[in-house]
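Q: I've got a model open and I'd like to learn how to read it feature by feature. Can we start with empty space?

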Amino acid sequence: MLDGFFEEWADRFAWVRPRAGSVGFPRLTVPGLGVDAWAATLVEAEGVLILPGSQFGYGGNHFRVGFGRTDLPVALDALERHASRTLR
């Protein structure tokens with residue numbers, strides 16, 4: 001599911017599928033838009049939490065996304081709605 005999302009949004013995110021585990025570290029690639037601010041609007045608007053890489057001392061507009069939960073389809077739908085509103 002995440003592969004499909006990031007393929008559709010390849011002009012806005014960089015995604016390398018993890019080789020193991022249930023955590024990914026994609027990158028928001030929209031010029032002039034910081035992932036910290038975008039993540040804050042995502043949690044406020046949709047209740048979906050992604051953790052910006054800055055919280056780990058890691059720059060480059062990366063963020064942590066966990067996908068080991070059964071409600072991933074619901075969270076991914078909310079992420080899609082937010083991306084459609086804010087990144088198009």
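Q: Which elements each supply at least two residues of the lining of the largest pocket?
A: The general idea comes first: rolling a probe the size of a water molecule over the atoms shows where empty space is left. In this predicted model, β5 (63–66) and α3 (72–86) each put at least two residues into the lining of the largest pocket. Helix α3 gives the most, with five residues.

Q: What volume does the largest pocket have, and which residues are closest to its centre?
A: The volume of the largest pocket is about 370 Å³. Its lining has 19 residues, and Val 48, Leu 49, Gly 66, Arg 69 and Ala 75 are the closest to the centre.

Q: How do the lining residues divide into nonpolar, polar and charged?
A: Sort them by residue class and you get 12 nonpolar, four polar and three charged.

Q: Let's zoom out. How many helices and strands does the chain have, and in what order do the elements run?
A: There are three helices and five strands. Reading from the N terminus, the order is α-β-β-β-α-β-β-α.

Q: What does the radius of gyration say about the chain?
A: The trick is to set it against a rule for a compact globule. For 88 residues that rule gives a value near 12 Å, and the chain has 12 Å, so the two agree. You can also look at the box: along the principal axes, the C-alpha atoms fill roughly 30 × 25 × 25 Å.

Q: What percentage of the residues is buried, and what share of the contacts joins residues 24 or more positions apart?
A: Buried residues make up 33% of the 88. If you take contacts with a separation of 6 or more, 64% of them link residues 24 or more positions apart. As for the surface, the chain exposes about 5,300 Å², and carbon and sulfur atoms supply 53% of that.

Q: Now single residues. Is Phe 5 buried or exposed?
A: The cut-off to keep in mind is 20% relative accessible area, with buried meaning under it. Phe 5 has 4% relative accessibility, so it counts as buried. You'll find Phe 5 in helix α1 (residues 2–8). Beyond its neighbours within four places in sequence, Phe 5 is in contact with Phe 13, Leu 76, Leu 79 and Glu 80. Take Leu 79: Phe 5 and Leu 79 are 74 residues apart in sequence, yet 9.3 Å apart from C-alpha to C-alpha.

Q: And where is Phe 67, and what does it touch?
A: Phe 67 is in the loop between β5 and α3. With a relative accessible area of 23%, Phe 67 is partly exposed, because buried would require a value under 20%. Leaving out residues up to four places away, Phe 67 touches a set of residues including Leu 2, Trp 15, Pro 18, Val 23 and Leu 72.

Q: Where does Trp 15 lie, and which residues is it in contact with?
A: Trp 15 lies in the loop between β1 (13–14) and β2 (23–24). Its contacts beyond four places in sequence are Leu 2, Asp 3, Phe 6, Gly 24, Pro 26, Val 65 and Phe 67. The C-alpha atoms of Trp 15 and Phe 25 are separated by 7.5 Å, with their positions 10 residues apart along the chain.

Q: Last one, backbone angles. What is the phi of Asn 61?
A: Most residues other than glycine have a negative phi. Asn 61 has a positive one, near 65°, and it is found in the loop between β4 (51–52) and β5.

Definitions and conventions. Residues are numbered from 1 along each chain as its sequence is written. This is a predicted model: local features need pLDDT of at least 70, side-chain atom pairs count only at pLDDT 80 or more; totals for chains, interfaces and linings use all residues. Side-chain values use heavy atoms; hydrogens and water are left out. On a 1 Å grid over the protein atoms alone, a cavity is a set of points where a 1.4 Å probe fits but cannot get out, and a pocket is an open set with protein on both sides within 12 Å along at least five of seven lines; lining residues have an atom within 4 Å of a point. Grid points are joined across faces, edges and corners, and a volume is the space filled by probe spheres set on the points. Helices (H or I, at least four residues) and strands (E, at least two) are DSSP runs, numbered from the N terminus. Ala, Val, Leu, Ile, Met, Phe, Trp, Tyr, Cys and Pro count as nonpolar, Asp, Glu, Lys and Arg as charged, and the others, Gly among them, as polar. The radius of gyration is taken over C-alpha atoms; the globule rule is 2.2 Å times the number of residues to the power 0.38. Buried means under 20% relative accessible area, exposed over 50%, partly exposed in between (1.4 Å probe, protein chains only). Contact means heavy atoms within 4.5 Å. Accessible areas come from the Shrake-Rupley method with a 1.4 Å probe; for residues, only the protein chains shown count as cover.
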